[in-house]
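Work through these exercises with the model open beside you. Try each task before you read its solution.

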Amino acid sequence: MSYQKTLPNIKSKRETRKVNVKEDKTPNSTSVSCDLVSDKEGLKNILENIPSAVMVIEKPEGKVTYANKRTIELNGMNPCGLELENLAVKIYNLDGKICPTEELCTYRALFKEETVRNAPPLIIEHINGKRFIANVSAKPLYDKEGKATAAVAIFDDATDRVKIQEALKESEERLKMAQTIAHVGNWEYYVKEDRAIWSEELFRIFGLKPQEYGPNTNDYVARIHPQDREAINKIMEQMLFKGVTSKASFDYRIIREDGLIRTIHSERMIREVDNDKKPERIVGVEQDVTERKQIERKLEEHTKNLEKLVDERTKQLKDAERLATIGQTAGMIGHDIRNPLQAIVGELFLIKQDVDSSPDSQYKRNTQESLGTIQEQIDYVNKIISDLQDYARPLKPELVEVDLRYVIPQLLSTVNVPNNIKAVAECDKKLPKLNLDLTFLKRILVNLATNAIQAMPNGGKLTIRTFEEGDNVSILTADTGVGIPEEVKPKVFQPLMTTKSKGQGFGLAVVKRLVEAQGGTITFESKVGVGTQFKIAFPKIIK
Ligand SMILES: Nc1ncnc2c1ncn2[C@@H]1O[C@H](COP(=O)(O)OP(=O)(O)O)[C@@H](O)[C@H]1O
Ligand SMILES: [Mg+2]
């Protein structure tokens, strides 16, 4: 025990201390004094065989007068006869710093007459550098007159114990760190006392200041989101009172004092029961899974979006397939139907000429009527072929400057309007000219007007209005017809979409293509039983 480094001025201190020694101190019945022991041999035998190191130091120099076997063993030498300052060991505090002389247990017991127990462990280093951790206690010894003339020191090798304690502390630190990183807190709950012990991280998860005890049941329940309280109550009732289950695992939300809502995953189980098998101690782990839940929700959303995208894409592919089929059909029709149709038209023209020049008769008039009907039907077939081909082939508009104020009424006059329908064209007086393809425009208007007329079998009004609107010039066709049912609305521009027994379902698909090929857009509004409006908007010419 080396007081060697720490005791350079021990002598002077000792002198001071000597003055301070209380002369009136009397030994009490339990005090031990070397020369009070009657059976010295017996005592020595005990001292030599106990597992602790025992050492006696005497005044005035602080010389070691007795050291038992364990002392010699631990010191690696026999200190007997040596003064404290000459002992060949060094003594450090646990932080590695030399322990000051006046703090040494032996010094305090011998010169301050203090009884020292439960002092912090010290590190003792042999002359050969070997170290061990010692737990030291010391007590003054009194002579017959009650004077403290010596001190006894007892010490143990506490290296293993301290190391275990340190390892424990370290693993506790690691656990704390792991809990912080994983946002996990653990707790123990003593049912009868309604007392909870919470880990630091659990307090943090709940937005509370770490304390000795966690909140009691009432305070804990108050933190639970009102919508989740009943479910948790049920689970805990089954666990605590009904004995239905000894384990539970669930998610719930808490509302922290700062208003933040966090989602917690909880795993809890009964750890101890009393004699009546009633739960006494429950343990649990709570994990803050707010972020994880948020990511899960986002992932779910993305998955849904992805599914929608896939659906859309599939539909697009199907449409593309359909279009390809339409294209092929259109090609075939152009070649296999239009050519014979042209021949028929030619023959019809010749027959008509022949008939027209023949003398007037009932037969002539009947034939002329029939030929007229044939001509109408051929026109109808021609329209279908044109629609189909327009839909399938790439469009190349031939743009010319158009004044809609004149063109629209002109085009409307070519449409065959039944007597029970009133058709009007209204135009703004001043209207900028547009760059449009006249053939396209005609096909657009004829298609829209035809649809409008077909929607008014019992008559009505067809209005075509042209007006300036912002950067556009718009053409509106409005009818007072049957209207478009909601379920048909999303499909009206699809090719082959028709609600008519003799319809082809190409009209609006073609109209949309023709409008867009000229840089325009088409929209519509419709109400069943009220009527329908289609609005085409073309950008003005920028001069
Ligand atoms: N003005 C309208 N009023 C009511 N329904 C209409 C009107 N225009 C178009 N529709 C609806 O849109 C469908 C598609 O029109 P369209 O493409 O021209 O094909 P089709 O006229 O051959 O049926 C029609 O069958 C009809 O149901
Ligand atoms: Mg149509």
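**Exercise 1. A pair of strands**

Task: Find how strand 16 and strand 18 are joined, and in which sense they run.

Solution. This is a predicted model. Start with the bridges. Strand 16 and strand 18 are joined by eight of them. Next, take the direction: the two strands run antiparallel. Now pick one position. Opposite S474 you find A537 in strand 18.

**Exercise 2. The sheet around that pair**

Task: Put the strands of this open sheet in order, then name its edge strands.

Solution. Step one is the order. The sheet has five strands, arranged 13-15-16-18-17. Its pairing is mixed. Step two is the edges. Strand 13 (421–427) and strand 17 each pair on one side only, so they are the edge strands. Step three is the twist, which averages 15° from one strand to the next.

Which helices pack on this sheet? Helix 11 (residues 404–413) lies across strand 13, strand 15 (460–469) and strand 16. Helix 11 runs at about 170° to strand 13. Helix 12 also packs on the sheet, touching strand 13, strand 15, strand 16 and strand 18. The direction of helix 12 makes about 30° with that of strand 16.

**Exercise 3. A hairpin at the edge**

Task: Describe the link between strand 17 and strand 18.

Solution. Begin with the pairing. Strand 17 (residues 521–527) pairs with strand 18 in the antiparallel sense, over seven bridges. One facing pair is F524 and F534, the latter in strand 18. Then look at the turn. The two strands form a hairpin, with three residues between them. In the turn, G529 has a positive phi of about 85°.

**Exercise 4. The largest pocket**

Task: Give the volume of the largest pocket and say what lines it.

Solution. First, the volume: about 1,700 Å³. Second, the lining, which is made of 49 residues. K383, T450, N451, Q454 and K500 lie nearest the centre. Third, sort the lining by class. There are 21 nonpolar, 19 polar and nine charged residues.

Which element gives the most to this lining? Helix 12 does, with 11 residues. Helix 12 (438–454) is one of the elements that supply at least two residues each. The others are helix 10 (362–392), strand 16 (472–479), helix 13 (507–517) and strand 18 (531–539). Link this to Exercise 2: helix 12 also touches strand 16 and strand 18.

**Exercise 5. A second open sheet**

Task: Work out the strand order of the sheet that holds strand 7 and strand 8, and find the helix packed on that sheet.

Solution. The order is 8-7-11-10-9, an open sheet of five strands. The pairing is antiparallel. Strand 8 (195–198) and strand 9 (247–255) are the edge strands, each pairing on one side only. The twist averages 25° from one strand to the next.

Now the helix. Helix 8 (residues 226–240) packs here. Helix 8 touches strand 9, strand 10 (261–273) and strand 11 (279–288). With the direction of strand 9, that of helix 8 makes about 155°.

Finish with one pair of strands. Strand 7 (residues 184–190) and strand 8 run antiparallel and are joined by four bridges. W187 has W198 of strand 8 as its bridge partner.

**Exercise 6. Two partners for one strand**

Task: Find how many bridges join strand 6 to strand 1, and how many join it to strand 5.

Solution. Take strand 1 (residues 53–58): six bridges join it to strand 6 (residues 148–157). A53 has F155 of strand 6 as its bridge partner. Now take strand 5 (residues 131–142): nine bridges join it to strand 6. A138 stands opposite A153. Strand 6 runs antiparallel to strand 1 and antiparallel to strand 5. Strand 5 and strand 6 form a hairpin with five residues between the strands, where G146 takes a positive phi near 85°.

**Exercise 7. Unusual backbone**

Task: Say where P60 and E113 lie, and note their backbone angles.

Solution. P60 is in the loop between strand 1 and strand 2 (63–67). The peptide bond joining K59 and P60 is cis, with omega about 0°. E113 is in the loop between helix 4 (105–111) and strand 4 (122–125). Its phi is positive, near 55°, in a residue other than glycine.

**Exercise 8. The whole chain**

Task: Decide whether the protein is spread out or compact.

Solution. Count the elements: 13 helices and 18 strands. Then compare two values. The radius of gyration is 54 Å, while the globule rule gives 24 Å for 543 residues. The first is well over the second, so the protein is more spread out than a compact globule. Last, the spans: the C-alpha trace covers about 170 × 60 × 45 Å along its principal axes.

Key: Residues are numbered from 1 along each chain as its sequence is written. Chains are lettered from A and ligands numbered from 1 in the order in which they are written. This is a predicted model: local features need pLDDT of at least 70, side-chain atom pairs count only at pLDDT 80 or more; totals for chains, interfaces and linings use all residues. Side-chain values use heavy atoms; hydrogens and water are left out. On a 1 Å grid over the protein atoms alone, a cavity is a set of points where a 1.4 Å probe fits but cannot get out, and a pocket is an open set with protein on both sides within 12 Å along at least five of seven lines; lining residues have an atom within 4 Å of a point. Grid points are joined across faces, edges and corners, and a volume is the space filled by probe spheres set on the points. Ala, Val, Leu, Ile, Met, Phe, Trp, Tyr, Cys and Pro count as nonpolar, Asp, Glu, Lys and Arg as charged, and the others, Gly among them, as polar. Axes are lines fitted to C-alpha atoms, for helices over the stretch in contact, and angles run from 0 to 180 degrees between N-to-C directions. Contact means heavy atoms within 4.5 Å. The radius of gyration is taken over C-alpha atoms; the globule rule is 2.2 Å times the number of residues to the power 0.38.
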